[in-house]
Amino acid sequence: MNRLEKVLYTAKAHTTGGRAGMSRSSDGRLEVRLLRPGSPGTGTNPAQLFAAGWSACFESAMEFAARNMKITMPADHAVDAEIDLGPEGGAFSLAARLYVSLPGMERATAQRLVEAAHQVCPYSRATHGNIAVETTLVWAAPMRADSDRLIAVPK
C-alpha cells in the first residue's frame with residue numbers, strides 16, 4: 001500500500017440513497033442527483049463521475065509529463081474515458097478505455113507521453129493491476145457529447 005509523502009488535497013463527499021440518491025461535496029461545489037446506470041430521468045451515476053474524473057486527471061498528468069519531457073502538447077489535446085460496469089465472479093467490477101487525442105503529434109512521441117502519464121496519474125496508479133484498461137491514440141477530434149464515434153490511429 002502506498003503512503004503519501006504529503007496530503008495536497010482531501011475531497012469529501014456525503015452520499016445518501018446509494019446509486020439512486022444524492023451526493024454533495026463538503027464545500028458545496030458539487031451536488032448531484034444519482035441514478036442507476038440506464039435509468040430515465042436527470043442525474044448521473046458513479047461510473048460517469050469516475051469517467052469524468054479519470055479523463056480530467058489523465059489529461060493533467062499528460063501536461064505534467066510533457067513539461068518534464070520538454071514536449072509541447074497540441075492545443076486541442078483531449079481525453080475521452082469509457083467506464084464499463086459488469087459482473088465478475090459474484091461481485092461487480094469495472095473496465096476502462098481511455099481515448100487520447102494528440103492531433104499533429106508524432107505517434108512514437110505521443111505513445112511515450114501516454115505511458116509517462118500512466119505513471120503519474122493517480123487514477124491510473126490506483127487502478128493498475130486491478131481492472132482492464134485500454135489506451136488508444138485517436139487522430140480525429142475528441143468525442144462530442146452527441147457522438148460515440150472516434151477514429152483510432154492504426155497500430
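**Pockets, hairpins and a few single residues**

Okay, let's jump right in at the largest pocket: sorted by class, its lining has eight nonpolar residues, four charged ones and two polar ones. Before I go on, please keep in mind that this is a predicted model.

So, staying with that pocket. It holds about 480 Å³ of space. The lining is made up of 14 residues, and those nearest the centre are N2, L4, K6, L8 and P122. If you're hunting for it on the screen, those five are a handy place to start. Which helix gives the most to this lining? That's α3, residues 122-127, with three residues.

Now the second largest pocket. Here we have about 200 Å³ of space. The residues around it are H118, Q119, S124, R125, T127, H128, G129, I131 and V133. By class, that comes out as six polar, two nonpolar and one charged. Two helices, α2 (107-120) and α3, each put in at least two residues. The largest share comes from α3, with three residues. So helix α3 turns up in both stories: it gives the most to the lining of the largest pocket, and it has the largest share in the second largest one.

Let me step back and give you the whole chain. There are 155 residues, and 34% of them count as buried. You'll find three helices and six strands. Starting at the N terminus, the order is β-β-β-α-β-β-α-α-β. As for contacts, take the ones with a separation of 6 or more: 47% of those are between residues 24 or more positions apart.

With that order in mind, on to the strands, beginning at β1, residues 13-16. It runs antiparallel to β2, and four bridges join the two. Together β1 and β2 form a hairpin with five residues between them, and in the turn G17 has a positive phi of about 85°. Then β2 pairs with β3, residues 31-33, also antiparallel, over three bridges. That's another hairpin, with five residues between the strands, and there G28 takes a positive phi near 80°.

The strand in both of those pairings is β2, residues 22-25, so let's look at its faces. S23 and S25 sit on the covered face, while M22 and R24 are on the uncovered one. What does M22 stand opposite in β3? That would be R33. On the β1 side, M22 in β2 stands opposite T16.

Right before β1, in the segment leading up to it, there's K12. Is K12 buried or exposed? Its relative accessible area is 53%, over the 50% cut-off, so K12 counts as exposed. Still, K12 has company: leaving out residues up to four places away in sequence, it touches R24, S25 and S26. Two of those names, R24 and S25, we just met on opposite faces of β2. And the C-alpha atoms of K12 and D27 are 8.1 Å apart, with those positions 15 residues apart along the chain.

Further along there's one more hairpin, made by β4 and β5. Eleven bridges join β4 (78-88) to β5, residues 91-101, and they run antiparallel. Two residues lie between the strands, and G89 in the turn has a positive phi of about 55°. If you want a pair to check by eye, G86 stands opposite S93 in β5.

Last stop: the loop between α1 (46-69) and β4, with two residues I'd like you to look at. One is K70, which sits in that loop. Most residues other than glycine have a negative phi. K70 goes the other way, with a positive phi near 60°. K70 is exposed too, at a relative accessible area of 74%.

The other is H77, also in that loop. Why does H77 count as buried? Because its relative accessible area is 15%, which is under the 20% cut-off. Which residues is H77 in contact with, once we set aside neighbours within four places in sequence? The list is E59, E63, S101, L102 and P103. With E59 there's also a polar contact between the side chains, at 3.2 Å. So in one loop you get exposed K70 and buried H77.

That's my tour, thanks for listening!

Methods:
Residues numbered from 1 in each chain as written. Predicted model: local features only at pLDDT ≥ 70, side-chain atom pairs only at ≥ 80, totals over all residues. Heavy atoms only, no water. Buried < 20%, exposed > 50% of the residue type's maximum accessible area, 1.4 Å probe, protein only. Polar contact = N/O pair within 3.5 Å; in protein donor to acceptor, adjacent residues only side chain to side chain. Contact = heavy atoms within 4.5 Å. 1 Å grid on protein atoms, 1.4 Å probe; cavity = no way out; pocket = protein on both sides within 12 Å on 5 of 7 lines; lining within 4 Å. Points joined across faces, edges and corners; volume = space filled by probe spheres on them. Nonpolar A, V, L, I, M, F, W, Y, C, P; charged D, E, K, R; others polar. Pairing = 2+ DSSP bridges.
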